[in-house]
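Thanks for making the time this morning. I would like to walk through one structure with you, moving from residue to residue and keeping to what the coordinates themselves can tell us.

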Amino acid sequence: MSDSDLRTHAEEIHEQFSDQLDLDVEDVQERLDTLVNEYKVPMSEARRSVVNTYLDEAGMDRDQLGGGSGGNEQVQVSDVDSPEEWVDMRVTVVDLWDPRADAVAQVGLLGDETGTIKFTKWSKSDLQDLEEGKSYSLRNVVTDEYQGRFSVKLNRTTTIEELDEEIEVGDDSVEVEGALVDIQSGSGLIKRCPEEDCTRVLQNGRCSEHGEVEGEFDLRIKGVLDDGEEVTEVIFDEEATEELTGITLAEAKEMAMDALDTTVVADEMREDILGRYYRVTGPTFGRYVLADDQERLTGPVDADEVLIKARSI
């Protein structure tokens, strides 16, 4: 990454802490340079790490961190393309889900004419509840990113104003069809980190950021669809996985308990769905399509062909 790009990021971070810490922009840039150019850390993770360091030094919570004195930019959903930015939005609440942690008051999907984006509202933010189907002006929300998927966080400094007008929500979904030629590792019954603002999948009981944690069970399938010309990686969340396989989270946990092995769940799923044709619709995040709707089409493809394709990916 060029020095000018690093300087821009460093100046933005410096501005966020200018009232709390006596920082030099050069020191901030040096920290970023070490992470990005020496340790090859993605800029989004480097910014998160540096910001967390300064938050600790200042004795601050993340939701006390402002967006700087210059005011926020009014953005649309499709404009959100980097983390740790403070923005204003005019959106409609498309969907609300049940929070997976006590620290989260609300979680769901916001949308405008350019598409949809996930939002999280923290319990400690003490903000009013958003209602599904209503439109709001949200000021001072912070963007976030995980594995190519962007989201926004509502915090203690966020202001919420209900709008009289209705914000139309555009459809940013794509439709892909093909044979399911591979089910990748990390599919089936998995455990996610239970820490606030973290959904990382545990590896051998460890979160890459928070270390050894108890973990919360979840269902997921990371699959590959092949339409004969190109392959598309698709992620099925718990609800989509249950619909695709007919196996619920409770049944998956029982299967794993009986076998004393969580891998039996993915094996069972693989036997039922691998090699069959599907039509999947959903938004794209990074290289993935996130399955909102899926439909099984015709029967299975040739088993030998499936194995050849899967091994070549």
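**Backbone, core, cysteines and a pocket**

Let me begin with glutamate 84, which counts as buried, since its relative accessibility is 5%. Please keep in mind throughout that this is a predicted model. Glutamate 84 sits in the loop between β1 (73-74) and β2 (86-97), and its phi is near 60 degrees, a positive value in a residue other than glycine. As general background, most residues other than glycine have a negative phi. Leucine 260 also has a positive phi, of about 55 degrees, although it is not a glycine, and its place is in the loop between α5 and α6. Here the side of the story about solvent is quite clear, because a relative accessibility of 77% makes leucine 260 count as exposed.

Let me turn now to the interior. The largest nonpolar core has 22 residues, and those with the most contacts inside it are Phe236 and Val280. At least two residues of this core come from each of β8 (173-183), β12 (216-226), β13 (231-236), α4 (238-245), α5 (249-259), α6 (263-273) and β14 (277-285). As a general point, nonpolar side chains in soluble globular proteins tend to be buried together.

Which residues does phenylalanine 236 contact, once its neighbours within four places in sequence are left aside? They are Leu219, Arg220, Ile221, Thr241, Leu244, Val280, Ala291 and Gln294. Valine 280, in turn, lies in strand β14 and counts as buried, with a relative accessibility of 0%. Not counting residues up to four places away in sequence, valine 280 touches a set that includes Val174, Glu175, Val176, Leu225, Phe236 and Asp293. The C-alpha atom of valine 280 is separated by 8.8 Å from that of glycine 178, although the two residues are 102 residues apart along the chain.

Next, the cysteines. Why does the structure hold zero disulfides, even though cysteine 207 has another cysteine to look at? The sulfur closest to that of cysteine 207 belongs to cysteine 193, and because the two are 3.8 Å apart, they are too far for a bond; a disulfide would need the sulfur atoms within 2.5 Å. Both residues are shielded from solvent in the model, in that cysteine 193 counts as buried at 1% relative accessibility, and cysteine 207 counts as buried at 3%.

I will move on to the second largest pocket, which has a volume of about 400 Å³. Its lining is made up of 18 residues, and Gly186, Ser187, Leu189, Ile190 and Thr262 are those that lie nearest its centre. Sorted by character, the lining residues of this pocket divide into six nonpolar, nine polar and three charged. β9 (188-192) and α6 each supply at least two residues of that lining, and α6 gives the most, with four residues. You will recall that α6 is also among the elements that each supply at least two residues of the largest nonpolar core.

Finally, a stop at valine 41, in the loop between α2 (25-38) and α3 (43-58). Valine 41 is partly exposed, with a relative accessible area of 23%, and its contacts, not counting residues up to four places away in sequence, are Leu35, Val36 and Ala46. I will stop there and take questions.

Key: Residues numbered from 1 in each chain as written. Predicted model: local features only at pLDDT ≥ 70, side-chain atom pairs only at ≥ 80, totals over all residues. Heavy atoms only, no water. Core = buried A, V, L, I, M, F, W, Y, C linked by side-chain atoms within 4.5 Å. Buried < 20%, exposed > 50% of the residue type's maximum accessible area, 1.4 Å probe, protein only. Contact = heavy atoms within 4.5 Å. 1 Å grid on protein atoms, 1.4 Å probe; cavity = no way out; pocket = protein on both sides within 12 Å on 5 of 7 lines; lining within 4 Å. Points joined across faces, edges and corners; volume = space filled by probe spheres on them. Nonpolar A, V, L, I, M, F, W, Y, C, P; charged D, E, K, R; others polar.
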